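Let's take a walk through this structure together, one feature at a time. Have the model open so you can click along.

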Amino acid sequence: MKSRILSVDIFRGATIILMILVNTPGTWSNVYGPLLHAKWHGYTPTDLVFPFFLFIVGTSIVFAYQNKKADTAVYKKISVRSLKLIGLGLFLGAFTIIFPFIKEFASIRFPGVLQRIGVVFFFAAMLFLHLNWKKLIWVAAVLLIGYWLLMVFIPVEGIASTLERAPNNLANYLDVQVFGTHSYKPDYDPEGLLSTMPAIVSSLLGIFTGLILTSKQEKKTTILFGLGGSLLLMGHLLDFVFPINKALWTSSFVLVTAGWANIVLALIYYLTDVRGIKFGSIFRYVGANAIVVYFLSSFITKLFYSIKVDEDTSIHGWLFNKIYVHDFMSMELSSLLYGLSVVSFYCLLAYVLYKRKIFIKV
């Protein structure tokens, strides 16, 4: 499909902006509740951000590969892009400012956000190339049901599995066994091995939405709202037996977040593609270089935390305390203003790249 669907570009860019905002508060000690992840079960607006991006990855797969033949050239393109994403993620996990600029091997985190995007993109794209939408529904159902059965019914070293943060949680147990010290936390990783399986479904559900958007269906807005509401209902019903949990990327979490993604995208689609209301240009600019903007934000934030102004203060801490901390405002507001300033910088960068027609494909 040659014509652009404006709402998809806006949705992608807005998701990246939110990812940067929730990742760069002035201080993690003082953050408004909605900008924090749920402690374990349940979800906050922040927990929607990453699955929204995986969802839009799936939608974008439809635009990129709907008319492509499954041949060596396409396989190579998908594989190279996946490896680039994984490589960028590994670089972020391994980089340090101390020579030789690579952490000790034992402390390098192997999983990560970009790594998950790379793996999910690879499998979702390959499945899309080879299966029609009916078979994709079966694959999605098998993955979600299979993950639930594994997590609930498979014992861990003879002990009944739990969905709490504990050694006998199957997903956490496998991460410890496979990754060891290469995880985000000593006992689990939110982008872990087993939970990548349902994360693939987050993109498959995005593929179904992409197929709706590129179809000749009338009343696409109504269909997307209906699909979103149905997924939300199913996810919250499943929550009773398989709790909504981002760290475990539970099947209920997949359904609920895809439900919200469809509802948000349907609203943007109605306003922009149906009614022709012009808004959100800055989101399009960010979305045009989404991965590059996200990578740069992660890398520069890491530098700001690592480089010291003096013995006890990083560049990040110095900027936050000198510019944003004042007696007349709460620390939560100061922390938010810092994050918004960071977001503004990357929006400006994205604007410059877009206007100069610089589009860096990863």
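**A guided tour, from a buried serine outwards**

Start with S335, which is buried, with a relative accessible area of 2%. Bear in mind as you look around that this is a predicted model. You'll find S335 in helix α13, which covers residues 331-355. What does the side chain of S335 reach? Zoom in and you'll see that it comes to 3.1 Å from the backbone oxygen of N30. Setting aside residues up to four places away in sequence, S335 touches P25, G26, T27, N30, V31 and F320.

S335 also takes you to a bit of empty space. Rolling a probe the size of a water molecule over the atoms shows where empty space is left. A search of the whole structure turns up one cavity of 30 Å³ or more. That cavity holds about 70 Å³ of space, and its lining is made up of L21, V22, P25, V31, Y32, L35, E332, S335 and L336. The elements that give two or more residues to this lining are α1 and α13, with α13 giving the most, three residues. P25 and V31 are worth a second look here: they are among the residues that S335 touches, and they are also part of the cavity lining.

Next, follow α1 itself, which runs over residues 6-23. Which side chains meet in a salt bridge here? Pick out D9 and R12, paired at 3.1 Å from N to O. The two are three residues apart in helix α1, so about one helical turn separates them. Both D9 and R12 are buried.

That pair belongs to a bigger set, as the structure holds five salt bridges. Side chains of opposite charge can pair when their charged atoms come close. Take R109 and D189, whose side chains meet at 2.7 Å, N to O. R109 sits in the loop between α3 (72-94) and α4 (113-130), while D189 is in the loop between α6 (170-179) and α7 (196-213), so this salt bridge ties together parts that are 80 residues apart in sequence. Is D189 buried or exposed? With a relative accessible area of 1%, D189 is buried.

Another salt bridge joins D187 and R165, again at 2.7 Å from N to O. This one also links distant parts of the chain: D187 lies in the loop between α6 and α7, R165 in the loop between α5 (133-153) and α6, and they are 22 residues apart. Here D187 counts as partly exposed at 27% relative accessibility, and R165 is partly exposed too, with a relative accessible area of 41%. Salt bridges that share partners also make a network, which joins R109, D189, E191 and K246.

R109 is a handy signpost for the next stop, the largest pocket. Its volume is about 1600 Å³. The pocket is lined by 44 residues, and the ones nearest its centre are N23, W28, R109, V113 and Y184. The elements that give two or more residues to this lining are α1, α2 (49-65), α3, α4 and α11 (290-306). Which of them gives the largest share? That's α11, with seven residues.

Now for the greasy parts. In soluble globular proteins, nonpolar side chains tend to be buried together. The largest nonpolar core here has 83 residues, and I16, F53 and I61 touch the most other members. Leaving out neighbours within four places in sequence, I16 is in contact with F53, V286, A290, V293 and Y294. Apart from that core lies another, of twelve residues, including W40, M151, L170 and L248.

M151 leads you to the last stop, F242. This residue sits in the loop between α8 (220-238) and α9 (251-274), yet F242 counts as buried, at 0% relative accessibility. Who keeps F242 company? Beyond neighbours within four places in sequence, F242 is in contact with Y147, W148, M151, L163, T250, S251 and S252. For a sense of scale, try the distance to G192: F242 and G192 are 50 residues apart in sequence and 18 Å apart in space, C-alpha to C-alpha.

Conventions:
Residues numbered from 1 in each chain as written. Heavy atoms only, no water. Core = buried A, V, L, I, M, F, W, Y, C linked by side-chain atoms within 4.5 Å. Buried < 20%, exposed > 50% of the residue type's maximum accessible area, 1.4 Å probe, protein only. Contact = heavy atoms within 4.5 Å. Salt bridge = Lys/Arg side-chain N within 4 Å of Asp/Glu carboxyl O. Helix = DSSP H or I, 4+ residues; strand = E, 2+ residues; numbered from the N terminus. Polar contact = N/O pair within 3.5 Å; in protein donor to acceptor, adjacent residues only side chain to side chain. 1 Å grid on protein atoms, 1.4 Å probe; cavity = no way out; pocket = protein on both sides within 12 Å on 5 of 7 lines; lining within 4 Å. Points joined across faces, edges and corners; volume = space filled by probe spheres on them.
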